[in-house]
Amino acid sequence: MFLNAILKPRSLAGRLTLWYTLVSTFLFTVAIGVIYLLIATVLLNQVDSDLVEDIAEFNDIYRERSIVELWRQLQTEAAADGADQILFRLYTEQGDLLRSTDDGTWDDLEPLENFALTLRADNEPLINGIHLQDHEFPARTIYGTLTDTNGSYIIQIAESLEERADILEIFRLAVLICFPFLILLSLMAAWLMAKTSLSGVQKVTDTAIDISNGALGERVSLTDQGLEIDRLAATFNSMLDKIQLLIRGMREMNDNIAHDLKSPLARIRGIAETTLTGSHDESQYQQLAGSTIEECDRLLHLINTMLDLAETEAGLAASMEVVNLTELIDDACELYQALAVQSDIELGSKVDQDLIIDGNKQFLQRLIGNLLDNAIKYTSAGGKVTIDHKVCGKDVLIRIADTGMGIRQEDLANIFERFYRCDLSRSKPGTGLGLSLALAIAKAHWGNISVQSIVAEGTQFTITLPLRA
Ligand code: ATP
Ligand code: MG
């Protein structure tokens, strides 16, 4: 359990620290290993080049003095360094042993096979490494030729690598002492770096906690935390702005729904009260019942429109079919003709070309119906409502124009909002939901609605819908 918590920490800072420490430990080990190998190789090369220099030096002594003098000096050197540290052997040119400074510890050092022949052939000193049983440390041995006009000898030098081993031992000891400190330091650095770089995330978390405790106005303060964290904070803040706007919109909508439900309910209650308290004749009762039905219809219209809006916004893709828009517009014109005649308005369609689209027939009827209803409702007697179309590439534009009261410029941006009604049209009945539903339907069909209007001259709504491919 405890080991699991250490090897798989739950916090991101913990995981980053663990990974950073593991990676830096691995890199330290590799770097130290490489340095160790380099030092070992350099030290060995140094021993080899010293041995080669020694051979050259002994050759000079042999030439300038004699082999007896040289041997005397070699004995002195062996005695000074310690006979177990360095060995000198003298051979004849053919490889027969003449003299040795062996103290007994070099006994098992066998001469290289055919070294005399190899030396003669290569004319270069022969070097190789050895590890003798009686020696704690490995050794290096070299064979070289001593030449003079009086004759030639072969000299063998064997040198213990104890000094090199001591230096490497000190290095290993230093590493052993420093390594835990290095790991501890990298652990601390990793923890500090992880904590600093994640402090921005902590700020976002703190703000989220404050918000969940009710402080909806709270925002993450944008400081220079690094591009990624700053972007996270900015996205978080803009998401909060949108949520706050949405909540405000929902609150307003709730108020509007409550208000729109309250008025007809209050009227229905008033009618019921009048029916209960007063004494009326049959025709008066019929009139009161008629008014109740009218108010109930208004309530049902409001509730049905809200439900249709919710259904449209959830998406209509599942209920799409091939729709002939021209037929649909003709049917709608026929349906609204009676209302137009009743209001003394001329209603006509100029859509004569077959327009085929993918859509939900019932909702497309609501879309055209709502715009025709508005055009007739907000146009006074003697006016005109016309529908025409234009094919633009892969889209069709359906234009519904009227010669009615028009919409003021400052209202144009709001008319698609739920429950919005312009002051100019307050005298007409309505809930302010018709255009919201129309726009939602157009959008559910991958289309849109735009509007142009001049007060007292008329309004034109343009529906854009993609034609069937
Ligand atoms: P509902 O359609 O829900 O019965 P409504 O017609 O008032 O009510 P919308 O259809 O959403 O609601 O229209 C919103 C507002 O836009 C209307 O109240 C009206 O002020 C204005 N409007 C819409 N169409 C026209 C138009 N053709 N001419 C003038 N004003 C319009
Ligand atoms: Mg309307």
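Guide: For the linings described here, Ala, Val, Leu, Ile, Met, Phe, Trp, Tyr, Cys and Pro count as nonpolar, Asp, Glu, Lys and Arg as charged, and the others, Gly among them, as polar. The model is predicted, so local features need pLDDT of at least 70 and side-chain atom pairs pLDDT 80 or more, while totals for chains, interfaces and linings use all residues. Residues are numbered from 1 along each chain as its sequence is written, chains are lettered from A and ligands numbered from 1 in written order, and side-chain values use heavy atoms, without hydrogens and water.

Visitor: How do the residues of the lining of the largest cavity divide by class?

Guide: The structure holds 1 cavity of 30 Å³ or more (on a 1 Å grid over the protein atoms alone, points where a 1.4 Å probe fits but cannot get out; lining residues have an atom within 4 Å of a point). Its volume is about 40 Å³, and Gly200, Lys203, Val220 and Asp230 are among its lining residues. Helix 5 (162–212) and helix 6 each give two or more residues to this lining (helices are DSSP runs of H or I, at least four residues; strands of E, at least two). By class, the lining comprises 4 nonpolar, 4 polar and 2 charged residues.

Visitor: Which elements give two or more residues to the lining of the largest pocket?

Guide: The largest pocket (an open set with protein on both sides within 12 Å along at least five of seven lines) has a volume of about 1,000 Å³. Of its 44 lining residues, those closest to the centre are Arg421, Pro429, Gly430, Thr431 and Gly432. The elements in question are helix 6 (227–277), helix 7 (282–314), helix 9 (361–377), strand 10 (395–402), helix 11 (434–444) and strand 12 (458–466).

Visitor: Which domains each give at least three residues to the lining of the largest pocket?

Guide: The domain assignment gives domain 1 (2–166), domain 2 (227–310) and domain 3 (317–466). At least three lining residues of the largest pocket come from each of domain 2 and domain 3.

Visitor: Where does the second largest pocket lie?

Guide: This pocket encloses about 480 Å³ of space. Met253, Phe416, Glu417, Arg418 and Ser436 are the closest to its centre among 16 lining residues, and helix 6, helix 7 and helix 11 each give two or more residues to the lining. Because both domains give residues to its lining, the second largest pocket lies between domain 2 (227–310) and domain 3 (317–466).

Visitor: How far from an oxygen atom of ligand 1 does a polar side-chain atom of Ser425 lie?

Guide: Ligand 1 has 21 residues around it (each with a heavy atom within 4 Å), of which Tyr378, Arg421, Ser425, Thr431 and Leu435 come nearest. A polar side-chain atom of Tyr378 lies 2.8 Å from a ligand 1 oxygen atom (polar contacts are pairs of N or O atoms within 3.5 Å). A backbone N or O atom of Leu433 is 3.1 Å from an oxygen atom of ligand 1. For the polar side-chain atom of Ser425, the distance to an oxygen atom of ligand 1 is 2.5 Å.

Key. Grid points are joined across faces, edges and corners, and a volume is the space filled by probe spheres set on the points. Domain bounds come from an automatic or database domain assignment. A polar contact is a pair of N or O atoms within 3.5 Å; within protein, one must be able to donate a hydrogen and the other to accept it, and residues adjacent in sequence count only if both atoms are side-chain atoms.
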